Amino acid sequence: MKNHENNVVGPDVMLIALAASIPNAAVFGGFLNLSSSQIKDTNNWIDSIRASSPTRTRSSSSSDNQDKINSWMLYHPSALNMFDQIAYNMKGKKIVTFLDYDGTLSPIVADPDKAFMTKKMRATLKDIARHFPTAIVTGRCRDKVYSFVKLAQLYYAGSHGMDIKGPTKSRTPNKGNDKALLCQPASKFLPMIEEVYKILLEKTKSVPGAKVENNKFCLSVHFRCVDEKCWAALAEQVRLVLNEYPKLKLTQGRKVLEIRPTIKWDKGKALEFLLESLGYDNSNDVFPIYIGDDRTDEDAFKVLRNRGQGIGILVSRVPKDTEASYTLKDPVEVEQFLRRLVEWKRSSTQ
């Protein structure tokens, strides 16, 4: 039985302010008194955030953890260890690579503005893009992730795929088109998202470590530098703001809450759109490879499973429920896998 008592404890000032904004809520003896449904909803969010944190596995014995990892790896083996089999399945296929950014190409860092790739990763990514159509699919603002990557030959799908732009010179095999690809299915939500961004900046400025990131077509509220005792109150504050905006939805990733339009669009839809734009929507010989570390990447993994084409690779050191077929531990292993992919392509064309 989990003890959620500490989840609703926070600084007195924050609790009183939050209680004043929640109907039928009050503060007694330093605890936020919410209705049972409010507590359940908030605790569900906090549990999900905790589950996304690898450090949580340290609470059980190392042998138990290793047993769980070994069992999980039977169903989701290392893409490095299984590279020869993957290469066999790729033979004769047209490969397209899709890559998340944070936690995949760059390490997860406390300050999201400092999530830089290594020089080695950038060089490998440049080589990948020389051989295969390559897209960065991220929750970040497209312009922001471009400032990190700085490779013009890539496709960039920011805001969870709601802001897609391709290179000026098209690599579409069936279309001689030099006009840059552009897709922004959530454009009408921009004024609303900007409004909510300003509200959240004001609501969260009293929470040490909280950061609200404007990703143009979506918003991110980062928990990574917030004291765990404040998580529940901060999450509830975000939920309260979103209650006034039914056309926006709230999801969570690794110590982050994501606010997105309620349109039927996600990283999986972005993957499908890009494959179609490249002329591979009805192709039987395309082999998409999608590598990502976050819950939002599951939409893309699921699309690949449903298509029965290509592979999804989850970047994680700990067992997680996933639709991915393979795993890699961290960005270092991602770079190694991409480097092997480049070497395999070069050797297969000689």
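This is a guided tour of a predicted model, with a selection to make at each stop.

**Stop 1: the eight-stranded sheet**

Select β3 to β7 together with β12, β13 and β14. These eight strands make an open sheet, and its order reads β7-β6-β5-β4-β3-β12-β13-β14. The pairing here is mixed. Now colour the two edge strands, β7 (182-183) and β14 (326-328). Each has a single partner strand, so one side of each is left without a neighbour in the sheet.

Stay in this sheet and select residues 286-292 and 311-315. The first stretch is β12 and the second is β13. They pair in the parallel sense, over four bridges. For one of the partnerships, display isoleucine 289. Which residue of β13 is the bridge partner of isoleucine 289? It is isoleucine 311.

Next, add residues 119-131. This is helix α5, and it packs on the sheet. Look for its contacts with β3 (94-99) and β4 (134-137). The direction of α5 makes about 130 degrees with that of β4.

**Stop 2: a helix pair**

Select residues 267-277 for α9 and 298-307 for α10. Their axes come within 6 Å and cross at roughly 55 degrees. That angle is neither under 35 degrees nor in the range from 65 to 115, so α9 and α10 count as oblique to each other.

Now show side chains. On the α9 side, pick Lys267, Gly268, Leu271, Glu272 and Leu275. They meet Asp299, Ala300, Val303, Leu304 and Arg307 of α10. How many residues of this contact are nonpolar, polar and charged? There are five nonpolar, one polar and four charged.

**Stop 3: the four-stranded sheet**

Select β8, β9, β10 and β11. They form an open sheet in the order β8-β9-β11-β10, with antiparallel pairing. At its edges stand β8 (211-214) and β10 (248-253). Each of these has a single partner strand, so one side of each lacks a neighbour in the sheet. Direction ignored, neighbouring strands are turned by 20 degrees against each other on average.

Focus on β9 and β11. They run antiparallel and are joined by four bridges. Pick serine 220: opposite it, in β11, stands glutamate 258.

Then add residues 190-204, helix α7. This helix lies across β8, β9, β10 and β11. It runs at about 165 degrees to β8.

**Stop 4: the largest cavity**

Switch on a cavity display. The structure holds three cavities of 30 Å³ or more. The largest has a volume of about 370 Å³. It is lined by 25 residues. Select Asp102, Ile108, His222, Val256 and Glu258, the closest of them to the cavity centre. Which elements give two or more residues to this lining? They are β9 (219-222) and β11 (256-261).

Finally, colour the lining by residue class. It divides into seven nonpolar, seven polar and 11 charged residues.

Definitions and conventions. Residues are numbered from 1 along each chain as its sequence is written. This is a predicted model: local features need pLDDT of at least 70, side-chain atom pairs count only at pLDDT 80 or more; totals for chains, interfaces and linings use all residues. Side-chain values use heavy atoms; hydrogens and water are left out. Two strands pair if DSSP finds at least two bridges between them. Contact means heavy atoms within 4.5 Å. Axes are lines fitted to C-alpha atoms, for helices over the stretch in contact, and angles run from 0 to 180 degrees between N-to-C directions. Angles under 35 degrees count as roughly parallel, over 145 as roughly antiparallel, 65 to 115 as roughly perpendicular and the rest as oblique. Ala, Val, Leu, Ile, Met, Phe, Trp, Tyr, Cys and Pro count as nonpolar, Asp, Glu, Lys and Arg as charged, and the others, Gly among them, as polar. On a 1 Å grid over the protein atoms alone, a cavity is a set of points where a 1.4 Å probe fits but cannot get out, and a pocket is an open set with protein on both sides within 12 Å along at least five of seven lines; lining residues have an atom within 4 Å of a point. Grid points are joined across faces, edges and corners, and a volume is the space filled by probe spheres set on the points.
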